[in-house]
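Subject: Handover of a structure and notes on its contents

Dear colleague,

Please find below the structure I am passing on to you. I would be grateful if you could read it together with the notes that come after it.

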Amino acid sequence: MDRTESLPAQTRPPGVADVDPGSVLLPGNDVPLGRYTTVRRLLPQRRRRMVGAWCFVDHFGPDDVAERPGMEVPPHPHTGLQTVTWLLDGEIVHRDSLGTVRPIRPGQLNVMTSGHGIAHSERSPAAHPPVMHGVQLWVALPDAARAGAPDFAHHADLPLWRDGDLDVTLLVGELGGERSPAVTHTPLVGAQLTAGGAAPARLPLRRDFEYALLAMSGSARVGDVPLAPGALLYLGSGRQSVTLDAAPGSRLLLLGGAPFEEPLVMWWNFVGRSHEEIVAAREDWTAGRRFGTVADDAAPPLPAPALPTTRLKARTRHGDILR
Ligand code: MN
């Protein structure tokens, strides 16, 4: 159990759920991605592995890519997860082993479901906008869905509304009575919040979800906690609402979901349940089995890194090692 989880979220008196019940600000880590991009990795962290089924959160940019290739991530495999891609600036072409070739631009959502196995690449087109800025998120698939067929969906028409001074774009799940068209497999929410005015904005939450917020641009305060790009604010569960005091124009990402109780083994681009599963996925990728060939991308696939010399361990969402 980590320190965050020891906070007495269940013992607060009713009616004070919006008072800070022990939110924790978690600084991210800078990680190179492909040859030309550095991302801020906000999940997983040692102190916080997951928020609902969200198991991986990368925030990249804004980067000046006017004289550079932009994003260049060659073909690589995934198992056991969905990738969720959302851009604030720039353009990426998604190509995958289902034959998909699909540009994504700001305001559009890509959701790729790996099921048992898929391969994809993500590259900015040669002629691309001068700024690259966005997030890529992974959602762990529950046991009941993770052996399913791979799938790719592009959503250009997402629920969008104004709640007080907040412009809300619902990426996945349900919020405020709206529902995203994106298919998910656990109770989940992901939404972009754009601050329209200087007044604090109150957003309704579900007590049975845990939540986190990150600033993609601008800045905000949640209670006494300042939030700026590069950190994840874990809000915990048991809240009826959260009040944001965001600078006008700031763009925040709200992530939440029902706590995900299945322990995971996460290694490289694979999400599994055991060391043996990950070894098998790595062997299949290296041997050219299972994942297929990415359409319209002749670049050499990314080689899998060497496995560690010790067995990979399953971890709970709290970071506890099972065995
Ligand atoms: Mn990927």
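The notes below go through the structure by topic.

**Confidence**

Please bear in mind that this is a predicted model. The mean pLDDT of the protein chain is 92, and 93% of its residues reach 70 or more. The stretch to treat with reserve is residues 1-19, over which pLDDT stays under 50. The model does have 34 contacts beyond four places in sequence for these residues, but where pLDDT is low, the predicted coordinates should not be read in detail.

**The manganese ion**

Three histidines coordinate the manganese ion through their NE2 atoms, namely H76, H78 and H120, at 2.1 to 2.2 Å. Along the chain, these donors follow the spacing H-x1-H-x41-H. H76 lies in strand β5 (residues 72-78) and H120 in strand β10 (residues 118-123), so that distant parts of the chain, 44 residues apart, are linked by this pair. H76 has a relative accessible area of 4% and is therefore buried, given that the limit is under 20%. H120 is also buried, at 0% relative accessibility.

**Strand β9 and its partners**

How many of the residues of strand β9 are buried? The count is 5 of the 5 residues, 109-113, so the strand is largely enclosed by the rest of the structure. L109, V111 and T113 point one way from β9, while N110 and M112 point the other way, and all are buried.

β9 pairs with strand β6 (residues 81-89), to which it runs antiparallel, through 5 bridges. Within this pairing, W86 has L109 as its bridge partner. β9 also pairs in the antiparallel sense with strand β12 (residues 151-155), again over 5 bridges. Here N110 of β9 has H154 as its bridge partner in β12.

**Aromatic pairs and a charge over a ring**

The structure holds 7 aromatic pairs. In one of them, the ring centres of F56 and W138 are 3.9 Å apart and the planes are at 15°, so the pair is stacked. Because F56 lies in strand β4 (residues 54-64) and W138 in strand β11 (residues 131-140), the pair ties together parts that are 82 residues apart in sequence. F56 is buried, with a relative accessible area of 8%, and W138 is buried at 3%.

Another pair is formed by F270 and F291, whose ring centres are 6.0 Å apart with planes at 20°, so this pair is stacked as well. F270 is in strand β25 (residues 270-272) and F291 in the segment after α1 (275-287), and the pair links these distant parts of the chain, 21 residues apart. Both F270 and F291 are buried. They belong to one aromatic cluster with W267, W268 and W285.

Elsewhere, the charged end of R48 sits over the ring of Y234, 3.6 Å from its centre.

**Helix α1 and the segment after it**

D284 is found in helix α1 and is buried, with a relative accessible area of 15%. Leaving aside residues up to four places away in sequence, D284 touches R289, R290 and F291. Its contact R290 is in the segment after α1 and is partly exposed, with a relative accessible area of 28%.

Two backbone values deserve attention here. Phi of R290 is near 70°, and D296 has a positive phi of about 60° although it is not a glycine. D296 is also in the segment after α1 and counts as exposed, at 57% relative accessibility. Most residues other than glycine have a negative phi, and most peptide bonds are trans.

**Cis peptide bonds**

A cis peptide bond joins L43 and P44, with omega about -5°; P44 is in the loop between β3 (37-43) and β4. The peptide bond from G61 to P62 is cis too, with omega near 5°, and P62 lies in strand β4.

**Around A220**

A220 lies in strand β19 (residues 220-222) and is buried, with a relative accessible area of 5%. Beyond residues up to four places away in sequence, A220 touches V225, P226, L227, D245, A246 and L252. The C-alpha atoms of A220 and A198, which are 22 residues apart along the chain, are separated by 10 Å.

With kind regards

How values were computed. Residues numbered from 1 in each chain as written. Predicted model: local features only at pLDDT ≥ 70, side-chain atom pairs only at ≥ 80, totals over all residues. Heavy atoms only, no water. Buried < 20%, exposed > 50% of the residue type's maximum accessible area, 1.4 Å probe, protein only. Helix = DSSP H or I, 4+ residues; strand = E, 2+ residues; numbered from the N terminus. Pairing = 2+ DSSP bridges. pLDDT = per-residue confidence, 0-100. Contact = heavy atoms within 4.5 Å. Donors = N, O, S within 2.8 Å, 3.2 Å for Na, K, Ca; no water. Phe/Tyr/Trp six-rings, centres within 6.5 Å; stacked < 30°, edge-to-face > 60°. Lys NZ or Arg CZ within 6 Å of the ring centre and 35° of its normal.
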